[in-house]
Amino acid sequence: MNIIRFGISLPAALSKKFDQLIKKKKYSNRSEAIRDLIRNALVEEEVETNREVVAVVNLLYDHHKRQLSERLTQLQHSHHHLVLSSMHVHLDHLNCLETIVMQGMSRDVKQLADLLISSKGVKHGNLNFSSTGKNLE
Ligand code: NI
């Protein structure tokens, strides 16, 4: 890996705020923090331009809700090419947490996540995009 160095000019107040932020977030130096900011922007760009991404969907639901578990399972089976893995946790007598790891074009992943999250009876759901890692060296 070739490493290049470059200087950044920015207002003193902004620089101070950045240093406070990276200290709070436990970064050991500015370079590491800036590398992560750049990678976040690149992942955002991959999502926005419908590139291949990796994503995690969390679903919190009451397993007593009629046919909800069946619907969630059926949706995953009918999009099995997008689903890498899933984990089901019985949180208590009522509540289940299902975590689904997906890989595919960002638009397809988003579409399946929307179908899962909007299913009647899902109390809370979210979608977190990440990257395949191939373009983040
Ligand atoms: Ni359960």
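**Exercise 1. Which residue in β3 does Val 57 stand opposite?**

Before you start: this is a predicted model. Begin with the strands themselves. Strand β1 covers residues 52-62 and strand β3 covers residues 95-105, and the two run antiparallel, joined by eleven bridges. Now go along that ladder to Val 57, and you'll find Ile 100 of β3 facing it. A second pair helps you keep the register: Val 56 sits opposite Val 101 in β3.

**Exercise 2. Work out the strand order of the sheet and find which strands are its edge strands.**

Step one: look at the other partner of β1. β1 and β4 also run antiparallel, with eight bridges joining them. For a landmark in this pairing, take Val 54, which stands opposite Ser 130 in β4.

Step two: put the strands in a row. The order reads β2-β3-β1-β4, an open sheet of four strands with antiparallel pairing.

Step three: check the ends. β2 (83-90) and β4 (122-130) each pair on one side only, so these are the edge strands. While you're here, note the twist, which averages 15° from one strand to the next.

**Exercise 3. Describe how α3 and α4 sit on the sheet and against each other.**

Take the sheet side to begin with. α3 lies across β1, β2, β3 and β4, and runs at about 170° to β1. α4 packs on the sheet too, touching β1, β2, β3 and β4, with its direction at about 160° to that of β3.

Next, compare the helices. The axes of α3 (residues 68-78) and α4 (residues 106-117) come within 10 Å and cross at roughly 170°. Angles over 145 degrees count as roughly antiparallel, and α3 and α4 are therefore roughly antiparallel to each other. On the α3 side, the contact is made by Arg 71, Leu 72, Leu 75 and Gln 76, while α4 brings in Leu 112, Leu 115 and Leu 116. Sort the residues of this α3 and α4 contact by class and you get five nonpolar, one polar and one charged.

**Exercise 4. Give the relative orientation of α1 and α2, and list what meets at their contact.**

Angle first: the axes of α1 (residues 12-24) and α2 come within 10 Å and cross at roughly 90°. That makes α1 roughly perpendicular to α2.

Then the side-by-side list. From α1 come Ser 15, Phe 18, Asp 19 and Ile 22, and they meet Arg 30, Ala 33, Ile 34 and Leu 37 of α2. By class, the contact of α1 with α2 holds five nonpolar, one polar and two charged residues.

**Exercise 5. Find the salt bridge between Asp 36 and Arg 39, and place both residues in their helix.**

Check the distance: the closest N and O atoms of Asp 36 and Arg 39 are 3.1 Å apart. The cut-off is 4 Å, and the pair does form a salt bridge. Now the spacing: because Asp 36 and Arg 39 are three residues apart in helix α2 (residues 30-48), about one helical turn separates them. The full count comes to five salt bridges.

**Exercise 6. How far apart do the C-alpha centres of domain 1 and domain 2 lie?**

Set the bounds: the domain assignment gives domain 1 as 12-48 and domain 2 as 52-131. Their C-alpha centres lie 30 Å apart.

Terms used:
Residues numbered from 1 in each chain as written. Predicted model: local features only at pLDDT ≥ 70, side-chain atom pairs only at ≥ 80, totals over all residues. Heavy atoms only, no water. Axes fitted to C-alpha atoms, helices over the stretch in contact; angles between N-to-C directions. Parallel < 35°, antiparallel > 145°, perpendicular 65-115°, else oblique. Contact = heavy atoms within 4.5 Å. Nonpolar A, V, L, I, M, F, W, Y, C, P; charged D, E, K, R; others polar. Domains from an automatic or database assignment. Salt bridge = Lys/Arg side-chain N within 4 Å of Asp/Glu carboxyl O.
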